[in-house]
Amino acid sequence: MTIATDTTPLLDAVGLGKRYGGLVAIESLDIRLEKGRVLGVIGPNGAGKSTLIGLLGGAISASTGRIDFEGRDITGLPASERARSGIGRTYQIPRPFLDMTVEENLAVGQFSLTPFIATSTAAAERRDILDRCGLGGAAHVKARDLPLLRRKRLEVARALALKPKLLLLDEVGAGLIDSEVSELIALIQSLNDGERSIIVIEHVIRIVKECCDDLMVINFGKLLARGPTTDVLASDDVAAIYLGTSHGAAPKTSSSETPRANVIASTAGAEPLLALDGVYAGYGQARVIHDLSLSVMPGQVVGILGSNGAGKTTLAHVISRALPITAGRIRFDGEDITRLPPHAVAARGIAHCMEGRRIFGSLSVEENLLVAARRADTAERKARLARVYALFPVLAERRNAPGTSMSGGQQQALAIGRALMAKPRLVILDEISLGLAPVMMDRLYAALAELKREGLSMLVVEQDIERALDLADVAHIINKGRITLSGPPAVLRADERLRHLYFGTEE
């Protein structure tokens with residue numbers, strides 16, 4: 001057993017790794033954190049941030065590596081034991097006991113940590129935590145009656161009830177408006193008392209800028225950069241990962257593809273295939289999309305771009321009607337589809353290739369594809385299969401293999417192919433580059449370029465700006481649920497605001 005000394009870091013994780021079959025989520029990551037320091041962790045969507053906090057908190061077991069906490073090896077300890085050892089965490093989506101009051105939620109953590117604590121002492125500690133978290137006047141309010149910001153505060157308060165020496169804050173800024181983010185920043189800063197250490201995993205860059213001493217950037221589960229927060233955010237290498245400029249430029253359109261430009265030009269006077277007008281949407285108390293309007297013309301590729309948490313995936317779910325809207329209108333081919341259910345929207349020709357692939361593990365590759373063409377006759381199904389297999393030959397080679405037995409990139413090809421099997425008039429492609437190696441991204445985007453030449457209308461939801469701009473005819477940058485920049489790729493590339501919008505440094 002190692003004895004902690006004054007020079008022993010509070011947390012020392014070495015060679016930390018996590019694999020899910022053939023997928024590497026975290027690879028050989030080292031994290032050393034001294035007492036009283038605040039470390040931010042950022043990275044593009046799919047970088048491994050959620051896996052990392054699960055490894056540190058004990059919700060996920062490590063495949064490789066070792067985690068020492070106060071000089072003690074805790075690698076094999078479950079989450080409950082780590083909590084008792086002094087590691088507290090929050091969750092991106094608050095998880096209070098909804099039918100308990102705010103104070104009762106804290107008491108659960110208190111008595112699980114020290115079951116024989118005196119009642120008066122426990123009550124005094126709860127009052128102190130609630131006052132510190134701005135919940136002093138809400139002690140007897142049921143958790144389900146709290147607005148989102150107060151639920152976030154309660155999430156922090158519940159973690160503090162465990163008296164953590166290390167506090168893990170997971171995406172606490174998600175779903176908050178600017179004024180609420182300011183309040184949250186003030187709370188995090190108040191917790192930085194020099195005694196406890198804090199790790200802030202966050203996509204709201206303003207939070208890490210104002211709260212974190214140091215910043216760590218991960219990409220594809222590996223360390224990309226670490227250092228003082230201002231230095232890391234100023235790094236061109238970090239910007240390249242977020243903006244997608246780290247990959248090579250896509251091949252330029254050849255002269256043989258000139259007719260494609262004529263197709264787009266011919267839509268100038270046409271009615272939009274898809275039109276959103278003043279749309280608002282969110283999840284319960286979380287307001288995500290605000291007064292958003294856009295259109296997709298027939299045969300057009302429209303990019304929906306933005307940083308992690310900007311509202312891109314929410315917008316994709318809104319269009320496919322998987323998520324209801326609170327205001328506004330959506331039209332497809334001139335028909336109002338605002339109140340239609342998802343299956344009715346799909347029947348009209350909108351296919352949604354969702355983030356996360358959603359492959360049916362119990363079905364073969366070909367069975368996964370045929371699910372989307374079940375209403376077509378035999379001859380039509382064969383023709384659609386032949387088209388998908390021509391576009392993605394690896395799917396033909398693996399047609400009888402289980403859908404989830406393939407690599408991540410092959411599964412993403414299967415998800416795209418399944419969307420195409422519905423023979424859509426518009427396909428929504430949501431974060432297809434998520435977690436994939438650059439070479440596989442190149443192959444998928446080459447397939448999309450071929451579909452573009454054939455005139456398929458596409459809405460490409462993407463965090464990797466350059467890949468999407470290489471493909472799109474027009475693109476919209478979403479920031480905090482609103483469109484903040486729009487235009488052809490050349491215009492957006494020349495706009496100095498692009499980087500600032502991604503890193504939260506816009507005025």
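**Exercise 1.** Is C133 buried or exposed in this predicted model, and what is its relative accessible area?

*Solution.* Start from the computed value for C133, a relative accessible area of 0%. Buried means under 20% relative accessible area, so C133 is buried. Next, place C133 in its surroundings: the largest nonpolar core has 45 residues, and C133 is listed with L135, L169, V200 and I207 as having the most contacts inside it. Helix α5, which spans residues 148-160, supplies the largest share of this core, with 7 residues.

**Exercise 2.** Determine which residues L135 touches beyond its sequence neighbours, and which other core lies apart from the largest one.

*Solution.* Once residues up to four places away in sequence are set aside, L135 touches V102, L130, R150, R153, L154 and A157. Apart from the largest core lies another one, of 35 residues, which includes F392, V427, L471 and A472.

**Exercise 3.** Establish how many disulfides the model holds, and describe the case of C211.

*Solution.* The criterion is a pair of cysteine sulfur atoms within 2.5 Å, and by this rule the count comes to 0 disulfides. For C211 the nearest cysteine sulfur belongs to C212 and is 6.0 Å away, and C211 is in no disulfide. As for its exposure, C211 counts as buried, because its relative accessibility is 7%.

**Exercise 4.** Summarise the protein chain as a whole in terms of secondary structure, burial and contacts.

*Solution.* The chain comes to 20 helices and 20 strands, and buried residues make up 53% of its 507 residues. Of the contacts with a separation of 6 or more, 68% are between residues 24 or more positions apart. Finally, the accessible surface comes to about 22000 Å², and carbon and sulfur atoms account for 52% of that surface.

Notes:
Residues are numbered from 1 along each chain as its sequence is written. This is a predicted model: local features need pLDDT of at least 70, side-chain atom pairs count only at pLDDT 80 or more; totals for chains, interfaces and linings use all residues. Side-chain values use heavy atoms; hydrogens and water are left out. Buried means under 20% relative accessible area, exposed over 50%, partly exposed in between (1.4 Å probe, protein chains only). Helices (H or I, at least four residues) and strands (E, at least two) are DSSP runs, numbered from the N terminus. Contact means heavy atoms within 4.5 Å. Accessible areas come from the Shrake-Rupley method with a 1.4 Å probe; for residues, only the protein chains shown count as cover. A nonpolar core is a set of buried Ala, Val, Leu, Ile, Met, Phe, Trp, Tyr and Cys residues joined through side-chain atoms within 4.5 Å.
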